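Open the model in your viewer and keep the selection panel handy. We will start at the ligand and then move on to a pair of helices.

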Amino acid sequence: MSEKFAPGAPAAAGGIPLSVPEISGREWAYVKECLDTGWVSSVGPFVDRFERELAAIVGAPDAVATASGTAALHVALLVAGVQANDEVLMPALTFIAPANAVRYIGAWPVFIGAEPRYLQMDPERVREFLQDAGEWRGGALWNRRTGRRIAAIMVVDVLGHPSDVDAIRAAVAPFDLPIVEDATESLGARYKGANAGRLGDIGCFSFNGNKLVTTGGGGMIVTDRIDWARRARYLTTQAKDDPVEFVHGEVGFNYRLTNVQAAIGCAQLERLPEFIQQKRSHAAAYAAALGAVPGLTLMNEADWAFSAFWLYTIRVDEARCGVSSRDVMAHLGRTGIQARPLWQPLHRSPAHVASESYGCDETDLIVREALSLPSSVGLTPASRARVIDAVVEAVAAAP
Ligand SMILES: *Cc1c(COP(=O)(O)O)cnc(C)c1O
């Protein structure tokens, strides 16, 4: 429980955490089945079932389970053809994992700023960047400023809302770039009727503890391309050519999910519709109660989107509210409620100082103002009301 809380945040009983797993279905029964049968490691019936069921839910021909979402991203980028010293366009506003996955290959992220309405990578900035820096030469797209090949674009559906992938596709269409989708936060979301995870050429999910569906830790890759799925499976299983003679065709990875983890995942997936409904009802309740507070900006849902509302995030305009997002966070913390800012934007990250960025001014403002509110699936209406009261109080107490 304690690692769910940021340092200094309320771990005491009666506190309201930001986002904790909902383990109240068949998880125990399925894990017991693993232990009773001895199927505890990286092959087993629950791994197959988890892959099959997730593929069916998102409408993919196949799915490849991985040890984490980060591992899924690493392999998806490799499968999409990203190589050392290539560049990958991606949002500046996201958790760091997808940027790290690019660096694992020895490739370089280029961070593109977010648009303020839905907080996703701004397709207009992508278009401008390619106009400024892109050069089509010898059948490939090059970054004129760095001399590197731009090999892919990664969209990350942050906070549960899908990216405007048609606009992104239009921006990169002249250059034939593969689109890798990090749908880790958007499981259950839809874009113009299409399921998140299926919006690009290859999609990735994470089942870490704070995601909509958890396996403790884990991930998944989905793609239409059968050859890509086969290659992903090969790379995640040590690139094994001959299981008897231990022949390995290249340097692969031990990135498989275990049967025990998949067992938890199968139990979680059974409740996915209910989980999404809960997230959406939290969003509706927050929106209804906080909409009238001047200076707060609520989460939007585009008319082309069905959001999973993974983590409900408001913006606090300090000039209008008289308090900053961090003041509101501190007030909530004092009353036992855990709230959190968004991620340090990646163009500011010490881990990625060597990478280029484009159009990130708006992103800096968003991050300064943003505050994520408790959004656990199991958050009760009474707890929600406590959060709402505390936010209203924090703003009312402004000097
Ligand atoms: C959580 C997260 C990941 C990383 O997933 P892990 O399973 O923790 O490796 C990747 N991308 C995004 C957008 C995430 O939120």
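Select Thr70 together with the ligand: an N or O atom in the Thr70 side chain lies 2.4 Å from a ligand oxygen atom, which fits the definition of a polar contact (a pair of N or O atoms within 3.5 Å). This is a predicted model, where local features need pLDDT of at least 70 and side-chain atom pairs count only at pLDDT 80 or more, while totals for chains, interfaces and linings use all residues. Residues are numbered from 1 along each chain as its sequence is written, and side-chain values use heavy atoms, with hydrogens and water left out.

Add Gly69 next, where a polar backbone atom sits 2.7 Å from an oxygen atom of the ligand. Then pick Asn208: an N or O atom of its side chain is 3.3 Å from a ligand oxygen. Taken alone, the ligand exposes 380 Å², and the protein buries 93% of that (Shrake-Rupley accessible area, 1.4 Å probe).

Now show the whole shell: 16 residues surround the ligand, each with a heavy atom within 4 Å of it. Among the closest are Asp182, Glu185, Ser206 and Lys211. Which helix gives the most to the shell? Colour H3, which supplies 3 residues; H3 spans 69–79 (helices are DSSP runs of H or I, at least four residues, numbered from the N terminus).

Finally, select H5 (residues 123–133) and H6 (residues 165–172), whose axes come within 9 Å and cross at roughly 5° (lines fitted to C-alpha atoms over the stretch in contact, with angles from 0 to 180 degrees between N-to-C directions). H5 is therefore roughly parallel to H6 (angles under 35 degrees).

Conventions:
Helix = DSSP H or I, 4+ residues; strand = E, 2+ residues; numbered from the N terminus. Parallel < 35°, antiparallel > 145°, perpendicular 65-115°, else oblique. Polar contact = N/O pair within 3.5 Å; in protein donor to acceptor, adjacent residues only side chain to side chain.
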